[in-house]
Amino acid sequence: MDRLAIVVPCYNEEAVFPETAKRLTQVLQDLIKKGKIAENSFALFVNDGSKDKTWELIAAEYHQNPYVSGLKLAGNVGHQNALLAGLMTAKEMADITVSIDADLQDDVNVIEEMVDRYHEGFDIVYGVRSERKTDTAFKKWTAQAFYKLMHAMGAKSVYNHADFRLMSKRAVEALSQYKERNLFLRGLVPLIGYNTTTVYYKRSERFAGESKYPLKKMLSFAFDGITSFSIRPITLIAMLGLIIILLSIGAAIYTLISFCLGHAAPGWASIMLSIWFLGGVQLLSIGLIGQYIGKVYIEVKERPRYNIETVLTHNTTDLSR
């Protein structure tokens, strides 16, 4: 049977970890009893530089639960890098990987349906929210705006999908070929191109603890996603520059005609507004182009995306080397 690894990135998840480990263990046991996965399947909890007792809890659970493994990163590298570290570690031990957040908002019972789709021949199975009743009106609106904006910018993404997905071993191997440091896995995975499908579920409220994605971090994440997969914002700036040039020519013609007809020239207010507007456009343009240059700067240095400090696994392969 195929071996399943459930990859769970964790950052300060002390409050929710015991329940998450309990539920995922139950899912693994049920799938094993039904003969859908191998008996040595496991959940891999990735500690992303937590400041609480998350790692201590993972280590303790590892010593008493054969279905739990742990991966400790050397410092906080962010959710996307932590998830990638878990996937790259799990692919050496497993035939199937499922990524899921530790907060239990994603329905763990859907994992069985994902495995069923895998056995039907799909390499990637996306977990997609069927509704957003647990979200506030503001969060619902911003989420919809984000997906629409991503689509408008030309980036591939799955609507209402976060990072809850199943990937076959060859799909994870293909993902490992994407070397960029500015990670946005929701945009990278659709580029792989293997057979994909979706399963739908109702997202619950966070079981315990606090959200790791406040508004400021969500906006930064969305901006990184757009600039990592599309140069259309720069194209829009060029179009805006062309429009401003045409308006300036029109204004010049209007001023010249007014002067020839003996009318008074426009006052200082219109001139100052034009200067402020053009100054704002220039600063915005320089800032946006600077973001792209900054991403190139980060990429060319080729620094490691993460460093692994400790691996706790019941697998016989030594992955800590």
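Here is a quick tour of the aromatic pairs in this predicted model, and of the strands and cores around them.

First, how far to trust it. The protein chain averages a pLDDT of 80, and 73% of the residues score at least 70. Over residues 317–321 pLDDT stays under 50, and the model has five contacts beyond four places in sequence for that stretch. Where pLDDT is low, the predicted coordinates should not be read in detail.

Now the rings. A pair of aromatic rings is described by the distance of the centres and the angle of the planes. The count comes to two aromatic pairs:

| Pair | Centre to centre | Angle between planes | Geometry |
|---|---|---|---|
| Phe17 and Phe45 | 4.8 Å | 75 degrees | edge-to-face |
| Phe164 and Tyr201 | 5.3 Å | 85 degrees | edge-to-face |

Take Phe17 and Phe45. This pair links distant parts of the chain, with Phe17 in helix 1 (residues 17–33) and Phe45 in strand 2 (residues 42–47), 28 residues apart. Phe17 has 3% relative accessibility, so it counts as buried; Phe45, at 1%, counts as buried as well. Leaving aside neighbours within four places in sequence, Phe45 is in contact with a string of residues, including Val8, Cys10, Phe17, Leu24, Ile58 and Leu71.

Phe45 also turns up in the largest nonpolar core, which has 38 residues; Phe45 is listed with Leu4, Ile6 and Ile111 as having the most contacts inside it. Among the elements giving two or more residues to this core are strand 1 (4–10), helix 1, strand 2, strand 6 and strand 7. Helix 1 provides the largest share, seven residues. Apart from this core lies another, of 32 residues, among them Ala90, Ala171, Leu183 and Val311.

Over to Phe164 and Tyr201. They too link distant parts of the chain: Phe164 belongs to strand 6 (residues 161–168) and Tyr201 to strand 7 (residues 196–201), 37 residues apart. Phe164 is at 0% relative accessibility and therefore counts as buried, while Tyr201 is buried with a relative accessible area of 4%.

Which side chains of strand 7 point to the buried face? Thr197, Val199 and Tyr201 do, whereas Thr196, Thr198 and Tyr200 point to the other face and are not buried. Strand 7 runs parallel to strand 5 (residues 124–129), joined by six bridges. Tyr200 is the bridge partner of Val128 there.

One last ring: Tyr194 has the charged end of Arg170 sitting over it, 4.0 Å from the ring centre.

Key: Residues are numbered from 1 along each chain as its sequence is written. Side-chain values use heavy atoms; hydrogens and water are left out. Rings of Phe, Tyr and Trp (its six-membered ring) pair if their centres lie within 6.5 Å; planes under 30 degrees apart count as stacked, over 60 as edge-to-face and the rest as tilted. Helices (H or I, at least four residues) and strands (E, at least two) are DSSP runs, numbered from the N terminus. Buried means under 20% relative accessible area, exposed over 50%, partly exposed in between (1.4 Å probe, protein chains only). A charge sits over a ring if NZ of Lys or CZ of Arg is within 6 Å of the ring centre and within 35 degrees of the ring normal. pLDDT is the predictor's confidence in each residue, from 0 to 100. Contact means heavy atoms within 4.5 Å. Two strands pair if DSSP finds at least two bridges between them. A nonpolar core is a set of buried Ala, Val, Leu, Ile, Met, Phe, Trp, Tyr and Cys residues joined through side-chain atoms within 4.5 Å.
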